[in-house]
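This briefing goes through a single protein model by topic. It begins with one helix, then turns to the whole chain and to a group of paired strands.

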Amino acid sequence: MSGLVLAIDGPSGSGKSSTAKAIALRANWSYLDTGALYRAATYIALANNVEDEEEIIRYLEKSDISFDTNPAEPKISVDGSDISEQIRFERINDRVSQISAMVGVRKLLIDLQRKYITDAPIGIVVEGRDIGTVVAPNAQLKIYLHADISERAKRRESEMAENIGKEKVGQSLANRDEIDSNRKISPLTQAEDAAVIDSTRLSLDEVTDQIWKWLKQRNLLGLPTIAVIGRPNVGKSTLVNRMIGRREAIVEDTPGVTRDRVKYEAEWNGRRFFLIDTGGWEVKPEGISEKITAGSEAAITEADLVMFVVDAQVGALDEDQSLVDLLRKSGKKVILVGNKIDNAEDESDGYSLWNLGLGEPHFVSALHGRGSGDLLDLLISQLPEVGTAQVDDGYRRVALVGRPNVGKSSLLNVLAGAPRVLVDDAEGTTRDAVDELIDFGGATWRFIDTAGIRRRAHQASGTDYYASLRTQIALERAEVALVIFDASNILTEQDIRIVSMADEAGKALVIVMNKWDLVDEERQLTLDKEIERQLERYPWAQRVNLSAKTGWHRDRLAPALTTALKNWEKRIPTAKLNSFLGELVGGNPPPVRGGKQPKIKFATQAGTCPPKFVVFATEFLETAYRRFIERRLREEFGFDGTPIEVAVKIKDRDNA
């Protein structure tokens with residue numbers, strides 16, 4: 001999955017390269033100078049003395065053009081030879097616009113540019129002339145940078161390998177502007193949604209500070225991440241709850257409650273960051289503990305800073321020393337935290353943690369809050385300005401809900417193509433809601449894997465109770481609910497109640513019949529009857545039969561989600577709606593109630609997500625007639641995959 005893209009367009013000499021490199025260095029992102037690629041193509045054409053487009057393309061296809069995306073020292077090479085200096089010669093300047101205007105050349109190099117963008121691990125700053133309009137039209141932030149021709153000539157002259165004079169440089173730039181702006185293919189134009197900066201009288205720092213401000217305002221800068229690591233039952237989740245200021249991580253006295261690594265957003269003194277709560281790390285894990293330990297080690301790799309939590313009441317054990325060795329090998333910065341220090345006497349005993357060799361231990365009481373503020377101050381001071389974790393990014397949110405062990409986590413993993421969340425045959429493996437960004441079906445989706453709902457929240461206790469609450473919160477955050485059934489087992493009341501929860505929450509709905517590889521013909525016939533009988537209230541729900549284990553029919557999931565979301569956001573024009581309603585009432589008037597014939601005046605769509613309609617009538621409309629209106633609305637306008645609401649507002653005859 002590609003990361004964030006910052007597109008900077010503008011004419012030659014406007015400061016694109018210097019600005020792009022400065023931003024990339026500051027954010028620790030990749031950097032791509034697309035102009036250097038076109039200069040390399042020009043270099044190849046001149047080196048082989050060819051002018052015909054087909055000949056140039058033939059030489060380009062035989063050549064290996066490579067750009068080093070390190071912003072500290074970007075280099076471009078052809079067939080292994082560094083040509084970073086040669087492409088700045090005047091003979092290249094004179095021909096680059098003509099060659100870059102060739103359709104075949106642009107196609108080859110645009111494909112190469114998009115590959116660099118896709119391969120960028122975190123984010124990339126791309127500068128050129130058609131980045132925001134052609135190369136990366138979906139870039140999260142687009143900048144159009146320009147300056148007066150005299151200032152641009154002065155800057156370009158200072159960059160050139162040859163001294164040819166400011167006047168000649170200015171004329172060359174003007175000629176390039178003319179060609180670039182008027183070529184038929186990918187001309188130099190400002191993207192409609194680009195932010196514009198005139199850099200004529202601005203310093204490099206002023207330009208980069210403005211772009212940095214926009215990145216922060218739009219939540220596009222990655223947040224730093226802290227992994228909370230330690231043995232089971234040392235108080236990691238309690239400490240996480242204390243630091244985020246709310247009870248989100250599940251806490252019990254029983255060791256091993258936390259299993260998946262779960263990411264929470266936190267803020268302290270204006271700095272935002274992520275905390276990763278992990279399961280307890282063990283030296284020789286067995287069974288499900290092996291997967292939990294692997295998850296903890298993955299969190300260390302993902303984090304910018306590691307907080308190693310030790311139970312100071314127990315002291316350092318041999319297992320802690322083994323974890324110290326692992327942390328040293330990771331090369332990550334580590335903060336040692338001694339938890340369960342409730343008073344000064346406990347603190348004096350806690351200094352034995354110096355023996356771990358990780359420097360000064362920092363004492364807290366996660367349960368009572370003692371020392372937590374000082375610890376947060378320390379963590380903030382050690383965090384990088386920009387981390388690798390992206391914040392909310394506008395991707396469509398999908399909640400995976402269902403009973404335990406129906407295959408929610410397995411489905412998420414097969415869509416991701418990697419083991420993102422813990423999967424085990426033991427029922428109820430997942431306990432926290434886990435967010436993951438996944439590319440499939442031609443789009444990026446934010447999936448929220450949830451704990452299985454065993455019973456009604458008021459009947460549950462302990463871990464099940466909090467897991468149920470977090471599932472409900474995840475459902476509220478989502479736009480579409482993916483309700484997963486085990487098709488090989490009989491549908492239960494619990495399955496139907498989960499569908500009802502999604503419907504009552506007003507979310508788009510897709511029903512997944514999982515484990516289809518275990519369903520024979522006899523079970524299919526029985527299942528059809530169960531669905532007809534128990535899901536008769538939800539004939540509009542999108543249904544997909546698949547197997548998460550084998551990946552069978554997973555390609556049908558993206559179209560179903562897309563359709564459900566499209567209908568969830570659908571709005572019907574008032575004129576079209578009332579034309580439909582007039583025909584409906586003319587052919588099927590509402591039934592007489594109490595000796596009075598209700599008269600429908602008009603209707604309007606009051607909202608979307610989900611669609612809500614208000615019908616204005618002179619009398620109350622029977623529930624059955626409202627359902628009739630809803631059914632006909634679906635037949636006329638679609639609305640597959642989304643609940644819709646039809647309300648009635650009484651409008652007096654006198655005021656009609």
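**Helix H2 and its surroundings**

In this predicted model, helix H2 covers residues 34–47, and its 14 residues reach 20 Å from the first C-alpha to the last, close to the 20 Å expected at 1.5 Å a residue. The points below cover the burial and the ends of H2, the protein as a whole, and the strands S21, S22 and S23.

*Burial and ends of H2*

- H2 is mostly covered, with eleven of its 14 residues buried.
- The buried residues of H2 include the run from Thr34 through Gly35, Ala36, Leu37, Tyr38, Arg39, Ala40 and Ala41 to Thr42.
- Ile44 and Ala45 are also buried in H2.
- At the N-terminal end, aspartate 33 acts as the cap of H2: one of its side-chain oxygens lies 3.0 Å from the backbone nitrogen of glycine 35.
- Glycine 35, which takes part in this capping contact, is itself among the buried residues of H2.
- After H2 comes asparagine 49, which has a positive phi, near 55 degrees.

*The protein as a whole*

- The secondary structure consists of 21 helices and 23 strands.
- Of the 656 residues in the protein, 51% are buried.
- Among contacts with a separation of 6 or more, 73% are between residues 24 or more positions apart.
- The accessible surface of the protein is about 30,000 Å², and carbon and sulfur atoms account for 45% of that area.

*Strands S21 and S22*

- Strand S22, residues 612–617, is mostly covered: five of its six residues are buried.
- Strand S21, residues 600–607, runs antiparallel to S22, and six bridges join the two.
- Across this pairing, phenylalanine 602 stands opposite phenylalanine 616 in S22.
- S21 and S22 form a hairpin that has four residues between the strands.
- Cysteine 609 lies in the turn of that hairpin and has a positive phi of about 60 degrees.

*Strands S22 and S23, with helix H21*

- S22 is also joined by six bridges to strand S23, residues 645–650, and these two strands run parallel.
- In this second pairing, phenylalanine 613 stands opposite valine 646 in S23.
- Helix H21, residues 623–637, belongs with S22 and S23 to a β-α-β unit, which is right-handed.
- S22 therefore takes part in two pairings, since strands count as paired with at least two bridges between them: six bridges link S22 to S21, and six link S22 to S23.

Notes
Residues numbered from 1 in each chain as written. Predicted model: local features only at pLDDT ≥ 70, side-chain atom pairs only at ≥ 80, totals over all residues. Heavy atoms only, no water. Expected span 1.5 Å × (residues − 1). Buried < 20%, exposed > 50% of the residue type's maximum accessible area, 1.4 Å probe, protein only. Polar contact = N/O pair within 3.5 Å; in protein donor to acceptor, adjacent residues only side chain to side chain. Contact = heavy atoms within 4.5 Å. Areas by Shrake-Rupley, 256 points an atom, 1.4 Å probe, with all protein chains shown as cover. Right-handed = clockwise from strand over helix to strand, strands pointing away.
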